[in-house]
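Let's take a stroll through a protein model. Keep the 3D view open and turn it as you read.

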Amino acid sequence: MVPGETEDKLHRIVVVGGGAAGLQLATKLGDKLGRTHKAHITLVDRARTHIWKPLLHEVAAGSLDVGHHAVDYLHHAHRHHFRYRIGEMTGLDRTKRAIHLAASHDTEGREVTPVREIPYDTLVMAVGSTTNDFGTPGVKENAIALDTQGQAVRFHQRLINGMLRAHTQPGPVRPGQLHVTVIGAGATGTELAAELHRTTRAVAATGLDRIDPAKDLKITLVEAASRILPAVPERMSRDVMVLLDKIGVEVRAGARVTEVRPDGVQLADGGFIPSELVVWAAGVKAPPFLHEIGGLETTRNNQLVVTPTLQTTRDPDIFAMGDCAYLVEKGSDTPIPPRAQAAHQQASHLIKIIPDKMAGKPLKAFKYRDFGSLVSLGEYSTVGSLMGFIKGKNMFIAGLFARMMYRSLYKMHEQALHGTVKTTLDAVARALTRRTESRVKLH
């Protein structure tokens with residue numbers, strides 16, 4: 001194909017957001033339409049590599065090396081017949097059918113890519129969500145969210161630096177100096193708390209003998225609701241609570257945070273939790289730039305309101321999926337939850353119906369199916385509730401089987417991106433590497 005000729009006549013599909021759903025969609029459309037020159041597919045993301053978001057708590061805790069799991073967008077796009085463009089979306093011109101991208105810069109502040117426009121015929125918004133701090137004072141200044149790979153890496157570096165500082169300082173470890181408070185006991189916060197309990201003790205055991213794990217290291221999990229994991233069945237929440245209590249993670253349910261200070265967390269009941277590091281994992285909302293972007297209908301949390309076909313209510317050429325999409329299905333009183341399985345199902349649906357849209361055919365409505373929840377407490381345990389697993393009944397699982405189910409979700413994601421052969425080879429390579437490397441990242 002001669003650049004600028006046939007390619008200019010192709011239908012232009014632009015996917016904004018290289019998370020699990022966006023990357024899966026671009027990959028499959030590239031293999032299906034890009035390879036056969038039936039469409040021109042472009043993926044836009046402000047980062048250069050992708051990592052599965054449910055793994056970010058392991059990156060933050062140091063139990064997972066980003067280098068072994070990150071997908072390079074540029075290389076992956078080349079292999080799967082689509083294009084990757086780096087940049088953060090800042091605006092939308094529906095009249096010109098183009099999105100606006102901000103300039104990107106390197107760590108020294110030099111411009112890498114300029115401000116530009118990317119034209120589209122079909123646009124898919126898959127920008128996910130960000131943490132919602134509900135306007136709580138001090139969160140932006142004194143807490144770290146785990147929305148991105150960069151934030152997870154930054155938290156881990158601060159954790160290791162804090163432990164090295166405590167080990168080498170002239171005096172003893174101060175009260176609260178090596179305490180970590182995780183605010184928000186959803187899946188991310190709960191999994192992070194358990195993983196941090198294990199990895200901080202593993203780091204201390206590598207020669208930081210001036211740190212007494214039992215006395216100096218403390219993980220506190222704070223939840224405003226009456227119980228942890230409020231979105232999952234109560235039995236599952238109780239099981240996780242028992243496990244957290246057993247390993248020594250302090251849980252404060254029914255506790256509302258009123259301020260995050262440099263030295264800790266202030267609670268509404270007057271209590272104060274001294275903390276060296278604070279993670280904010282409470283609440284989600286769509287990115288602020290989506291609010292009424294291009295005149296599209298949005299919710300208070302900046303989500304794009306979509307029809308049953310996942311098309312935005314005011315523009316059939318623009319789709320939205322994942323956490324940034326708001327859809328209340330027929331017969332339901334609540335919107336589809338912002339969960340990884342929902343985004344995966346919506347990506348699979350769009351892979352089928354976008355070619356139908358290009359051909360002018362009627363589009364099928366999306367139907368969400370809740371397969372249940374799994375919560376991993378790292379090497380301690382995994383618990384879950386599988387919806388409709390046996391004759392329409394829920395099935396509670398725990399231990400090795402639950403852990404295998406949890407890990408299989410990531411393998412399914414990898415297989416959707418790379419295929420069976422590469423996924424298998426990568427798994428073997430990581431298994432061999434783990435035998436020669438530290439179980440916890442120490443830098």
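Here is a short tour of some helices, a cavity and a few single residues.

First, a reminder: what you are looking at is a predicted model.

**Three helices**

Let's begin with the helices, since they are easy to find on screen. Does the end-to-end distance fit the number of residues, or what else do we get? The table sets the expected span beside the distance in the model for three of them.

| Helix | Residues | Expected span | Distance between end C-alpha atoms |
|---|---|---|---|
| Helix 1 (20–34) | 15 residues | 21 Å | 19 Å |
| Helix 7 (187–204) | 18 residues | 26 Å | 26 Å |
| Helix 9 (234–247) | 14 residues | 20 Å | 20 Å |

The expected spans come from counting 1.5 Å a residue, and for helix 1 the distance in the model agrees with that. Helix 7 agrees with its expected span as well, and so does helix 9.

Now, how many residues of helix 1 are buried? The count is 11 of 15, so helix 1 is largely enclosed by the rest of the structure. Among the buried ones are Ala21, Leu23, Leu25, Leu29 and Leu33. Some glycines are on that list too, including Gly22 and Gly30. Helix 7 is mostly covered, with 14 of its 18 residues buried.

Helix 9 has two sides worth looking at. Which of its residues are buried? They are Met236, Ser237, Val240, Leu244 and Ile247. Seen down the axis of helix 9, these buried residues fall within an arc of 100°, so they line one face of the helix. On the other side, Val242, Asp245 and Lys246 are exposed. Right after helix 9 comes Gly248, which has a positive phi near 100°.

**Backbone angles to check**

That glycine leads us to phi angles. Most residues other than glycine have a negative phi. Two residues here go the other way.

Leu229 is not a glycine, yet its phi is positive, at about 50°. You'll find Leu229 in the loop between strand 14 and helix 9. Is Leu229 buried or exposed? Its relative accessibility is 3%, so Leu229 counts as buried.

His81 also has a positive phi, near 65°, without being a glycine. Look for His81 in the loop between helix 4 (73–79) and strand 5 (83–86). With a relative accessible area of 36%, His81 is partly exposed.

**Who touches whom**

His81 has a partner back in helix 1. Asp31 sits in that helix and touches both His80 and His81, leaving out residues up to four places away in sequence. Asp31 is partly exposed, with a relative accessible area of 26%. How far is Asp31 from Phe82? Along the chain they are 51 residues apart, while their C-alpha atoms are separated by 8.2 Å.

Helix 1 comes up again with Gln24, one of its buried residues. The C-alpha atoms of Gln24 and Gln415 are 9.8 Å apart, although 391 residues separate them in sequence. Gln415 belongs to helix 11 (residues 400–418), and at 38% relative accessibility Gln415 counts as partly exposed. Setting aside residues up to four places away in sequence, Gln415 touches Thr420 and Thr423.

Next, try Thr299, in the loop between strand 20 (284–285) and strand 21 (304–305). Thr299 counts as buried, with 16% relative accessibility. Apart from neighbours within four places in sequence, Thr299 is in contact with His291, Val305 and Tyr326.

**A space inside**

Finally, let's look for empty space. How many cavities of 30 Å³ or more are there? The count comes to 1. About 70 Å³ of space lies in the largest cavity. It is lined by 14 residues, and the closest to its centre are Leu159, Met163, Leu178, Val180 and Leu277.

Which element gives the most to this lining? That is helix 6, with 4 residues. Helix 6 (149–168), strand 13 (179–183) and strand 14 (218–223) each supply at least two lining residues. Sorted by class, the lining has 7 nonpolar, 4 polar and 3 charged residues.

How values were computed
Residues are numbered from 1 along each chain as its sequence is written. This is a predicted model: local features need pLDDT of at least 70, side-chain atom pairs count only at pLDDT 80 or more; totals for chains, interfaces and linings use all residues. Side-chain values use heavy atoms; hydrogens and water are left out. On a 1 Å grid over the protein atoms alone, a cavity is a set of points where a 1.4 Å probe fits but cannot get out, and a pocket is an open set with protein on both sides within 12 Å along at least five of seven lines; lining residues have an atom within 4 Å of a point. Grid points are joined across faces, edges and corners, and a volume is the space filled by probe spheres set on the points. Ala, Val, Leu, Ile, Met, Phe, Trp, Tyr, Cys and Pro count as nonpolar, Asp, Glu, Lys and Arg as charged, and the others, Gly among them, as polar. The expected span of a helix is 1.5 Å times one less than its number of residues. Buried means under 20% relative accessible area, exposed over 50%, partly exposed in between (1.4 Å probe, protein chains only). The arc is that of the directions from the helix axis to the C-beta atoms. Contact means heavy atoms within 4.5 Å.
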